[in-house]
Every structure is written in structure tokens, then in C-alpha cells.
Amino acid sequence: MKRLLTILFSAVLCASVGAQVKNYIFVSGQVGEASYQYKIEDVASHISGGFGAGIHAGYEMRVGAFLLDLGFGFNITHSIVNVGTKQDTLPDMTDDDPISGGDMFDYVYNQNHRHDSYTNLSVQVPVMIGAAAKHFYFLAGAKLDMSLVAVSSAEALVSSEMQYHDLPSPAPVMPNHGAFTDYLVSQKPASVQFKPQVMASAEIGYRFVETASGSGWDVPKEKNYWRVALFVDYGILNMHKKGNNDDISLPQTYSTGEMQNITINHIFSTKAAAESKVNNLMVGIKATYLFQLPEKRGCVICRDAYRGHVSH
């Protein structure tokens, strides 16, 4: 089996008669839109919005039209989840006002304009194959994406109201009863953990190089050249590590005359998100510069594979 795979691989590399192996070192940079896809109950959107950028370096082998790219790099993304409006309730509280106290009510917290943001720095290892024809090329393959550092933050405007059991509608906001409106609650940057991700990756672009046909293939005349492409990276695994937090941490007792102690937790760490699969996506523009290494004559891989086949 191993011998067969070697022969097949050699046949692909040497598919064109007289094709010469060309080796390149490349550096690239990319920018684009970066987002997360998820489905969390009571969250306004199912896809975040943001931006990302990355740098990569690696090795490219070209045999005729065939391309093989191996690389290593870093990518950083910043994306915002529009959580929207959420409501939480402390039921069956008792009004402890000394004059009008004693009535039962539900103390309701409303989160408005809530947004959670995520910044993630990851290391990427791409393995890509493709082809080039004239000025155009394409590559497709996979990228191993491993989070190195990720942080989250969140903020919302929180208001409260007292829904008395004996009244048909909420009571007006009464600060002396502990109710308030549009109080800004924010979570300071906190560490987040993401699982390793495998991203399906593809790019198609234009080579800024003069070509000369040789053995049926369009071979770059210049040893070094630029190329620019559109690319897409989509995470096919679930990168979400489950959490068991509430989206907002509320005091469990009612206190008159003072602001309640309220904190919010980033949405991916909550119970509501525990069963949600989170996939990352990045779409953008990539620019690559290639440096050709000294040429080696003859197809060494083909010759060695052929000799091994004959000897057996």
C-alpha cells in the first residue's frame, strides 16, 4: 500500500513530461471579515461581525501546474456578538419600604443593547494543494488553528422594574425602592479558552508575473513575484468550551435604596450556550510574495519512487 501511494504521488508530481520541480519560500499577509457562527437561545443574532489579520511564511513546491504549499503563521481576530435584549427576574420579592411596604412583586432586570466582544490570537499551520494556469492560480486544503491567547469583554445597559402582583402593569421606576434605568454594566477583559480548530481553506487569485509556456504549462519567467487572492477559512470543528455561568449575575435578595451588585458573563461561557456549536469564519484578501530557491535538475522524487518500485 505504501509503495502504491508513493507511485501515485510521484505520478501527480510528474504528470507533465519534462516538468521541472521549482521550490519557493513565501511570505504573506491577509486581512478580512472575521466572525463566529452559533445558535444560542434568546441571542439576537446567530453570527458575529468583526475583522481579522494574519501573517504567514512557508514553502511552495511547483511541478508543472501542480502546487503544494506548507506554512506557519499567526492570525488575530476581533469579533462582536450582538446579544441584544435579555430579561431576568427575581420572583416573589417583598417591598420593605417602611411606609408602603409589604406588597409582593417580581423584580425584573432588562438588559438592553448588550454586546460581547472576543479577541483571539491563534497560530495556524496550513497545508494546501492547487494549480496555476497563466496568471491565475488556486489553492485548497486545511489549516490547523490553535488559540494562543483569547480575551472577552461585555457591556449592557441594565434597567429594573417592579412588577407588583396586585397591579396590572409595572410600577414606575422608583430609585428609593431600588429600581433604576440605563445603568451601564461592563465586564472587564477576561480570559477565554477555545478548542483547537481545523479550518477548510481555499484561495483563488492573480499572479503578477510574466509567464512563458514550457511543456504545456505557463511557467513564471521571474524568480520572485507577487500574487493577490481572495480567500475563505471556515472552521469545521466545534471550538467552543462549555461553561455553566448565567449571562448576568444578580443579587438573590431585594434591597431598598441602593444599586444592586450586578455582573455579566460573556455569552459563550453561559448555560444558554452550553449546547451550541461555535464555528469561526474569515473571508478576505491575501497578498503573497514568493522567492524562488536555486533549481535542482531532474525529478528526484519520481526517480527514487521508480527505483523503489522496480527493486520490489
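**Following the salt bridges**

Let's start with one pair of charged residues: D116 and R114 form a salt bridge, and their closest N and O atoms sit 3.0 Å apart. Both D116 and R114 are buried. Keep in mind that what you're looking at is a predicted model.

Now move on to D233 and K143, whose side chains also meet in a salt bridge, at 2.9 Å from N to O. D233 belongs to strand β10 and K143 to strand β5 (residues 136-164), so this pair ties together parts that are 90 residues apart in sequence. Are these two partners buried or exposed? D233 is buried, with a relative accessible area of 0%, and K143 is buried too, at 3%.

Next, find E60 and R227, where a salt bridge joins the side chains at 2.9 Å, N to O. E60 is in strand β2 (residues 49-63) and R227 in strand β10 (residues 224-235), so the bridge links parts lying 167 residues apart in sequence. E60 has a relative accessible area of 0% and is buried, while R227, at 2%, also counts as buried. There's a bit more to this spot: salt bridges with shared partners join E60, R62, D69 and R227 into one network. Across the whole structure, a search turns up nine salt bridges.

Time to zoom out. The protein has two helices and 13 strands. Of its 312 residues, 43% are buried. If you take contacts between residues at least 6 apart in sequence, 77% of them join residues at least 24 apart. As for the outside, the accessible surface comes to about 16000 Å², and carbon and sulfur atoms account for 62% of that.

Notes. Residues numbered from 1 in each chain as written. Predicted model: local features only at pLDDT ≥ 70, side-chain atom pairs only at ≥ 80, totals over all residues. Heavy atoms only, no water. Helix = DSSP H or I, 4+ residues; strand = E, 2+ residues; numbered from the N terminus. Buried < 20%, exposed > 50% of the residue type's maximum accessible area, 1.4 Å probe, protein only. Contact = heavy atoms within 4.5 Å. Areas by Shrake-Rupley, 256 points an atom, 1.4 Å probe, with all protein chains shown as cover. Salt bridge = Lys/Arg side-chain N within 4 Å of Asp/Glu carboxyl O.
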